[in-house]
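Biologist: Could you pull this one up so we can talk through how its helices sit together?

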Amino acid sequence: MPQIPEKIHELTVGQLSARSGAAVSALHFYEAKGLISSRRTTGNQRRYGRDTLRRVAFVRAAQRVGIPLATIRQALAQLPEERTPTNEDWARLSAAWRTELDERIKQLGRLRDHLTDCIGCGCLSLETCVLSNPDDAFGERMAGSRLLPVRNPATGGDEG
């Protein structure tokens with residue numbers, strides 16, 4: 001990995017890519033989404049502050065655990081500009097995300113368990129299938145593997 005001399009306070013997109021492990025296209029995408037920022041030289045080339053290395057690492061770590069980019073952007077917006085996110089920043093923000101991740105894990109566990117039931121049953125009945133009919137929303141109206149529109153004899157149109 002190329003070393004950047006301490007006296008250099010700004011990085012080119014290529015240097016940032018090489019140091020962070022993120023593709024140049026990913027860095028451009030992150031910038032377009034407001035996750036990182038750059039300044040433009042008189043020749044219209046991007047230059048990133050050294051603190052952007054830590055921001056990119058922060059974004060990539062959050063993405064790996066499934067945090068949406070919009071949530072990451074909100075978190076980074078809470079930090080002062082041109083300051084490297086610290087361990088304390090990460091701890092505070094990740095603690096807030098923990099509840100969201102725990103809930104997603106529970107949902108995935110329920111989905112896995114119900115998928116196994118569904119494969120074993122094979123009916124996909126709207127009356128009983130928790131995958132096709134979460135919370136039995138249609139169970140009171142009718143049974144079957146799909147809902148067909150109900151014709152209204154008065155209007156000739158579909159209901160439902």
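Modeller: Sure, here are a few questions and answers on this predicted model.

Biologist: Which residues of helix H4 are exposed, on the other side from the buried ones?

Modeller: H4 covers residues 69–77, and its buried residues are Leu69, Thr71, Ile72, Ala75 and Leu76. Those five span an arc of only 155° around the axis, so they lie on the same side of H4. On the other side, the exposed residues are Gln74 and Ala77.

Biologist: And H3 against H4: is the pair parallel, antiparallel, perpendicular or oblique?

Modeller: The axes of H3 (residues 51–64) and H4 come within 10 Å and cross at roughly 140°. Roughly antiparallel would need an angle over 145 degrees, and perpendicular runs from 65 to 115. That makes H3, relative to H4, oblique.

Biologist: Which residues of H4 make the contact with H3?

Modeller: The crossing itself is right-handed. From H3, the contact takes in Arg55, Phe58, Val59, Ala62 and Gln63. On the H4 side, the residues are Leu69, Ile72 and Leu76.

Biologist: Now Arg92: which residue's side chain does its side chain make a polar contact with?

Modeller: Arg92 belongs to helix H5, residues 87–121. Leaving out residues up to four places away in sequence, Arg92 touches Gln78 and Leu79. The side-chain polar contact, at 3.2 Å, is with Gln78.

Biologist: How does Arg92 count by relative accessibility?

Modeller: The relative accessibility of Arg92 is 41%. Buried needs under 20% and exposed needs over 50%. Therefore Arg92 counts as partly exposed.

Definitions and conventions. Residues numbered from 1 in each chain as written. Predicted model: local features only at pLDDT ≥ 70, side-chain atom pairs only at ≥ 80, totals over all residues. Heavy atoms only, no water. Helix = DSSP H or I, 4+ residues; strand = E, 2+ residues; numbered from the N terminus. Buried < 20%, exposed > 50% of the residue type's maximum accessible area, 1.4 Å probe, protein only. Contact = heavy atoms within 4.5 Å. Polar contact = N/O pair within 3.5 Å; in protein donor to acceptor, adjacent residues only side chain to side chain. Arc of directions from axis to C-beta. Axes fitted to C-alpha atoms, helices over the stretch in contact; angles between N-to-C directions. Parallel < 35°, antiparallel > 145°, perpendicular 65-115°, else oblique. Left-handed = near helix turned anticlockwise from the far one by under 90°.
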